[in-house]
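Please open the structure in your viewer and keep the selection tool at hand. This tour goes from one selection to the next and says what is found at each stop.

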Amino acid sequence: MIRWALGRAGGELRVVVGGRIGAPRAQPWEAEARMSAEADAPTAAGGAARRRPSRRGKLPGRQDWSSWPHYQGAGSGFRGYWYPVAFSSHITGKPKAITLLGERIVVIRDGGKAYALKDRCPHRGVPLSYGNQQFPGTISCAYHGWTFDLETGDLKAAITDGPQSPICGKVTQPTYDVEERLGMVWIFVGDGEDAPPIDDQLPEELRDNPAVIGARIQPREGNWRFACENGYDEGHAKYLHRTALWRLFKAMPVWNETRIERRGRWIYRVQEAQHWDADFPGLGRWNNQAWFKLKPPKQVANIGNTGSHRQVNPAIAAEDFPGFASVSMPGVLRIVYPTFIHYEFYVPVDADNHLYVGVMANFEKGIRTLPFYAKYLGAVRWLFHGQFSAQDKWMVEVTDAPPERLYRPDDSLLQWRKLAEDVTEERIERLHASGLAVENPSKQAG
């Protein structure tokens with residue numbers, strides 16, 4: 001499905017995270033390994049450590065996510081953000097039921113505009129999505145005809161109680177802010193605050209440049225945090241996806257050396273070294289190469305994960321991305337290639353399900369968009385948004401964490417969790433300052 005997008009871009013702030021001055025500093029993943037190793041070491045009667053055979057193995061060092069109380073409590077998602085929930089063409093005059101952040105919502109279009117209300121009639125709890133429109137600008141419950149204004153949520157009529165029903169004027173159904181961008185309907189779920197402009201949340205380059213996009217929305221099992229962490233995970237792509245048709249002829253490194261750099265609301269994975277072959281002590285050599293694959297590049301690439309001979313699109317080059325993979329709240333992944341950018345929005349449905357929203361944007365216009373149409377419809381949709389992404393879907397469905405023991409490449413996950421924690425803490429402080437009471441799990445934990 002092809003959509004168009006236009007907009008503007010804002011400023012940026014660059015902060016380097018993870019640099020070293022003088023003696024090497026301990027990394028978060030090193031602290032985890034040290035904590036687990038100390039817990040696992042058996043001791044003799046005299047107190048000296050001794051080695052003995054054990055069938056218990058070595059259990060993971062982190063048993064929960066209490067180091068990030070906001071993140072741990074966000075099983076059903078973070079409030080205070082816009083989320084894409086459906087293609088605009090799928091929202092019509094027929095009510096559509098969705099679940100977002102654990103909340104049941106009914107979405108309907110009237111007069112060309114999309115509206116969203118709580119999907120529960122306050123009369124007897126029947127879903128409003130079972131109803132329909134009996135009058136313009138309203139939705140009527142299928143049970144007794146309670147009729148609500150789509151814009152305000154006010155009860156305008158109780159059809160089965162006549163035109164002068166005294167219940168009218170006493171009931172207001174909760175409503176949600178709705179916008180449409182990139183050919184999709186977006187809903188804001190907050191805590192009573194005014195919804196911020198949706199354009200402030202979109203990736204900056206999508207607000208400043210014309211683009212043709214191909215998108216896919218797919219309901220998936222698994223918590224949204226597993227999906228987001230999988231997307232930003234530094235280690236899995238070069239191993240899990242080595243069998244994907246999308247990567248069949250492309251060189252894949254064995255392992256990388258990376259650092260995390262923050263710029264404004266995004267954190268970037270910056271590749272500093274790529275290792276295409278490795279000798280594992282006691283095991284032997286291993287690599288991802290084959291006679292039919294392209295030869296590895298001679299230079300480290302940060303536009304495209306393994307480089308490309310293609311010239312970088314001017315709109316992409318102008319952003320000066322420090323790394324090809326970046327993530328921002330509330331769970332938006334951006335993967336930069338020379339001629340297009342791939343985005344993934346991980347939309348929380350509830351604690352066990354999410355929507356995968358994959359968007360590929362090509363920053364061209366006019367006749368120059370035709371090659372992208374052919375490439376997306378003929379290959380990308382099936383190979384990238386299909387088989388390649390299905391491998392991620394598989395892993396997200398079977399991930400069971402915590403407990404977990406992280407390793408060096410997982411610094412990307414730790415930095416993402418820290419970003420989520422810090423940004424959420426800032427939001428809660430702003431809401432408290434404006435007089436809105438929001439639960440703060442980090443204060444309770446302290």
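The stops below begin with the whole chain, move to a pair of helices and end at a single strand residue.

**The whole chain**

Before selecting anything, keep in mind that this is a predicted model. With the protein chain shown as a cartoon, you can look for nine helices and 20 strands. Buried residues make up 48% of the 446 residues in the protein chain. If you consider the contacts between residues at least 6 apart in sequence, 65% of them join residues at least 24 apart.

**Helix H4**

Next, select residues 224-232, which form helix H4, and ask whether they are buried or exposed. Nine of the nine residues are buried, so helix H4 is largely enclosed by the rest of the structure. Going along the helix, the buried residues include Trp224, Arg225, Phe226 and Ala227, and among them are also Cys228, Glu229, Asn230, Gly231 and Tyr232.

**Helix H8**

Now add residues 411-433, which are helix H8, a run of 23 residues. From its first C-alpha to its last, helix H8 reaches 33 Å, which is close to the 33 Å expected at 1.5 Å a residue. Just after the end of H8, select Gly435, where phi is positive at about 95 degrees.

**Where H4 and H8 meet**

Keep both helices on display, and turn the view until you can see how one passes the other. Two packed helices are described by the angle between their axes and by the distance between those axes. For H4 and H8 the packing angle is about 130 degrees, and the axes are 9 Å apart; the two helices are therefore oblique to each other. The crossing in which H4 passes H8 is right-handed.

To see the contact itself, show the side chains of Trp224, Cys228, Glu229 and Tyr232 in H4, which meet Ser412, Leu413, Trp416 and Arg417 in H8. Sorted by class, this contact of H4 with H8 has five nonpolar, one polar and two charged residues.

**Val178 in strand S10**

For the last stop, select strand S10, residues 175-181, and pick out Val178 within the strand. Val178 has a relative accessible area of 16% and is buried, because the cut-off for a buried residue is under 20%.

Which residues is Val178 in contact with, leaving aside its neighbours within four places in sequence? They are Trp82, Ala114, Tyr115, Ala116, Val185, Trp186 and Ile187. For one of these, Tyr115, you can draw a C-alpha to C-alpha distance to Val178 of 6.2 Å, although the two residues are 63 residues apart in sequence.

Notes. Residues are numbered from 1 along each chain as its sequence is written. This is a predicted model: local features need pLDDT of at least 70, side-chain atom pairs count only at pLDDT 80 or more; totals for chains, interfaces and linings use all residues. Side-chain values use heavy atoms; hydrogens and water are left out. Buried means under 20% relative accessible area, exposed over 50%, partly exposed in between (1.4 Å probe, protein chains only). Helices (H or I, at least four residues) and strands (E, at least two) are DSSP runs, numbered from the N terminus. The expected span of a helix is 1.5 Å times one less than its number of residues. Axes are lines fitted to C-alpha atoms, for helices over the stretch in contact, and angles run from 0 to 180 degrees between N-to-C directions. Angles under 35 degrees count as roughly parallel, over 145 as roughly antiparallel, 65 to 115 as roughly perpendicular and the rest as oblique. A crossing is left-handed if the near helix is turned anticlockwise from the far one by less than a right angle, and right-handed if clockwise. Contact means heavy atoms within 4.5 Å. Ala, Val, Leu, Ile, Met, Phe, Trp, Tyr, Cys and Pro count as nonpolar, Asp, Glu, Lys and Arg as charged, and the others, Gly among them, as polar.
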